[in-house]
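Here are a few short exercises to work through with the model open beside you. Try each task before reading its solution.

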Amino acid sequence: MENTAINNTGSASPTPSTTPPREYLSFQLGSVEYGIDILKVQEIRGFETSTRMFNAPPYVLGVLNMRGVIVPILDMRLKFEMAEVAYNSQTVTIVLNVANRVVGMVVDAVQDVAAIQATEVKPAPDFNGAVNTQHIIGIATVDQAEQQRMLVLLDIEKLMCSADMGLVAEANV
C-alpha cells in the first residue's frame with residue numbers, strides 16, 4: 001500500500017517521500033548553473049543570429065522566425081548583467097513556452113535534466129533587499145558522480161512575465 005497522509009481536507013494525499021521529483025533543465029551562465037522547469041521548455045537550438053529590433057533593450061538580441069512564429073530572443077547573460085561572452089559552439093537558445101507565448105533565451109551551455117525532490121530545494125538566502133531573489137524558487141544540490149553541484153532554480157515563467165521584461169502584458173499573467 002502506498003504511503004499516504006491525511007491533509008486538512010480529510011482526503012488522503014501522497015507523503016513527500018512518494019511525491020515524484022520535478023525535472024529541471026540545467027544550463028550554464030558564466031560559472032553559475034541554473035535550473036528551469038523542464039515542462040516550460042519547448043526545444044533547444046543552436047545559437048543563431050537574430051534580427052535586431054529598433055530601440056530594444058540590450059538583452060533583447062532580436063527576433064527569429066521559427067516555423068512561422070516570430071520569437072523574441074533574450075540573452076540571459078546581459079539580462080543578469082553578467083560579462084558579455086563570445087558566442088561559440090556551446091552557446092544555445094532554449095525555446096520556452098511561458099504564458100502562452102514562445103520566447104527564446106540564449107545561455108552559455110545546457111548541462112542536463114536533473115530530477116529534484118521538493119525536500120531537496122533550499123530557500124534562497126535573504127540579502128535584505130540587496131539582491132533581488134523574487135524569481136528564484138530556491139537552491140538545490142545535485143549529486144553527480146562523486147561531486148556535488150549547486151543549481152539556482154529559477155521560476156522562469158515569473159521571470160519572463162515580469163514587468164521589466166515587457167514580453168507579456170500584465171493582464172495575461
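**Exercise 1: a residue in a helix**

At 11% relative accessibility, R77 counts as buried (under 20% relative accessible area; exposed is over 50%, partly exposed in between; 1.4 Å probe, protein chains only). This is a predicted model, in which local features need pLDDT of at least 70, side-chain atom pairs count only at pLDDT 80 or more, and totals for chains, interfaces and linings use all residues. Residues are numbered from 1 along each chain as its sequence is written, and side-chain values use heavy atoms, with hydrogens and water left out.

Task: Find which element holds R77 and which residues R77 touches.

Solution. Step 1: R77 lies in helix α1 (a DSSP run of H or I, at least four residues, numbered from the N terminus). Step 2: leaving aside residues up to four places away in sequence, R77 touches L29, G30, M82, A83, E84, V85 and D108, where a contact means heavy atoms within 4.5 Å.

**Exercise 2: two phi angles**

Task: State the sign of phi at E81 and at N100, then say whether each is buried or exposed.

Solution. Step 1: most residues other than glycine have a negative phi. Step 2: E81, not a glycine, has a positive phi of about 55°; its place is the loop between α1 (76-79) and β8 (92-98). Step 3: N100, also not a glycine, has a positive phi of about 60° and lies in the loop between β8 and β9 (101-107); strands are DSSP runs of E, at least two residues. Step 4: E81 counts as exposed because its relative accessibility is 74%, and N100 is exposed because its relative accessible area is 80%.
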